[in-house]
Amino acid sequence: MRVAIAGAGAVGRSIAQELLGSNHQVMLIERDAAHFEPSTVEQAEWVHADACELSSLEDAGLQLCDVVIAATGDDKVNLVVSLLAKTEFAVRRVVARVNDPTNEWLFTDAWGVDVAVSTPRMLAAMVEEAVNIGDLVRLMTLRQGQANLVEITLPDDTSLAGQAVSQLALPRDAALVTILRGGRVIVPQADDPFEQGDELLFVASADVEHEIRIALGLD
């Protein structure tokens, strides 16, 4: 994929390094001369410009990008970049960083945002995931709340131990996407058995999360 990242601070550069490591093409757009350091991520294309200016984005070729990531430290900038990327350049996927959790409600499709990433929320979710066994933990909101990525760790006394994935009667708007087990990432197949301590990742709408717990025998 060709990915444009608005903001070449520590966060933007780290994202760029990760994406380059997966063989994606990356363009970093940075307005502040103090952060414009091409030597720090040499494989990326660097553009010294204001990502909030339409003409700058046109010159950078944003219309050729598959994904735009608004990763600056300013929520106002991230919203403007997201809106321009979606409405003016029809970018297929727009991801925006939320710096202030009180602004999270703004990061919706009305502003062109497909996925909003709030660091405080993610950190809180990781803490909950680490300490809560048998509880449903919401890791990420997808498509402006239409679906969530949620995690449940099966307790040692789970009634599912030994049962096949195909025997799990999930609600209609839920899908088991991954099983994490002892350092392994398992793409679940119908005959795969569940084990105590399995971390199950689901994509589900919010209104069926309780039904997932019922299906897992946790309620």
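Colleague: Is arginine 181 buried or exposed?
Modeller: Keep in mind that this is a predicted model. The cut-off for buried is under 20% relative accessible area. Arginine 181 has a relative accessible area of 16%, so it counts as buried.

Colleague: Which residue forms a salt bridge with arginine 181, with the closest N and O atoms 2.7 Å apart?
Modeller: Side chains of opposite charge can pair when their charged atoms come close. For arginine 181, a closest N and O distance of 2.7 Å fits within the 4 Å limit for a salt bridge. The partner is aspartate 198.

Colleague: How many residues apart in sequence are the parts that this pair ties together?
Modeller: Arginine 181 sits in strand S9 (residues 174–181). Aspartate 198 is in the loop between strand S10 (184–186) and strand S11 (199–204). The pair therefore ties together parts of the chain separated by 17 residues.

Colleague: What relative accessibility does aspartate 198 have?
Modeller: Buried means under 20% relative accessible area. Aspartate 198 counts as buried, because its relative accessibility is 0%.

Colleague: Which residues are linked with Arg181 in a network of salt bridges?
Modeller: Arg181 and aspartate 198 form a salt bridge. A network of salt bridges links Arg181 to that aspartate and to a glutamate. The residues you want are Glu195 and Asp198.

Colleague: How many salt bridges does a search of the whole structure find?
Modeller: Besides the one between arginine 181 and aspartate 198, there is one between aspartate 74 and lysine 76, with the closest N and O atoms 3.5 Å apart. A search of the whole structure brings the count to seven.

Colleague: Is lysine 76 buried or exposed?
Modeller: Its partner aspartate 74 is partly exposed, at 29% relative accessible area. The cut-off for exposed is over 50%. Lysine 76 has 61% relative accessibility, so this lysine counts as exposed.

Colleague: Which strands hold arginine 2 and glutamate 45?
Modeller: The side chains of arginine 2 and glutamate 45 meet in a salt bridge, at 2.9 Å from N to O. That pair links distant parts of the chain, 43 residues apart. Arginine 2 is buried at 17% relative accessibility, while glutamate 45 is partly exposed at 35%. Arginine 2 is in strand S1 (residues 2–6) and glutamate 45 is in strand S3 (residues 45–48).

Colleague: Which element gives the most to the lining of the largest pocket?
Modeller: The largest pocket holds about 280 Å³ of space, and 22 residues line it, with Gly7, Glu30, Arg31, Thr72 and Val77 the closest to its centre. Helix H1 (10–21) and strand S2 (25–30) each supply at least two residues of that lining. With three residues, the top contributor is H1.

Colleague: How many charged residues does the lining of the largest pocket have?
Modeller: By class, 10 residues of the lining are nonpolar. Another six are polar, and the number that are charged is six.

Colleague: How many nonpolar residues are in the lining of the second largest pocket?
Modeller: This pocket has about 240 Å³ of space and is lined by 14 residues, with Ile15, Ile69, Val95, Ala96 and Val117 nearest its centre. Strand S5 (93–98) is among the elements that supply at least two residues, and S5 gives the most, with four. One lining residue is polar and two are charged, while the nonpolar count is 11.

Colleague: Which helix gives the most to the largest nonpolar core?
Modeller: That core has 25 residues, and Met27, Ile29, Leu57, Leu62, Val68 and Val81 have the most contacts inside it. Its suppliers of at least two residues each include helix H2 (54–60) and helix H3 (75–87). Giving five residues, the leader is H3.

Colleague: How far apart in space are leucine 57 and glycine 73?
Modeller: Leucine 57 lies in helix H2 and counts as buried at 2% relative accessibility. In sequence, leucine 57 and glycine 73 are 16 residues apart. From C-alpha to C-alpha, the distance between them is 19 Å.

Colleague: Which residues does the UniProt annotation "domain: RCK N-terminal" cover?
Modeller: The annotation comes from an unreviewed UniProt entry. Over that stretch the chain is 27% helix and 24% strand, with the end C-alpha atoms 20 Å apart. The annotation covers residues 1–117.

Note on methods: Residues are numbered from 1 along each chain as its sequence is written. This is a predicted model: local features need pLDDT of at least 70, side-chain atom pairs count only at pLDDT 80 or more; totals for chains, interfaces and linings use all residues. Side-chain values use heavy atoms; hydrogens and water are left out. UniProt positions are given in the numbering used here, feature names are shortened, and annotations may be inferred rather than shown by experiment. Buried means under 20% relative accessible area, exposed over 50%, partly exposed in between (1.4 Å probe, protein chains only). On a 1 Å grid over the protein atoms alone, a cavity is a set of points where a 1.4 Å probe fits but cannot get out, and a pocket is an open set with protein on both sides within 12 Å along at least five of seven lines; lining residues have an atom within 4 Å of a point. Grid points are joined across faces, edges and corners, and a volume is the space filled by probe spheres set on the points. Ala, Val, Leu, Ile, Met, Phe, Trp, Tyr, Cys and Pro count as nonpolar, Asp, Glu, Lys and Arg as charged, and the others, Gly among them, as polar. A nonpolar core is a set of buried Ala, Val, Leu, Ile, Met, Phe, Trp, Tyr and Cys residues joined through side-chain atoms within 4.5 Å.
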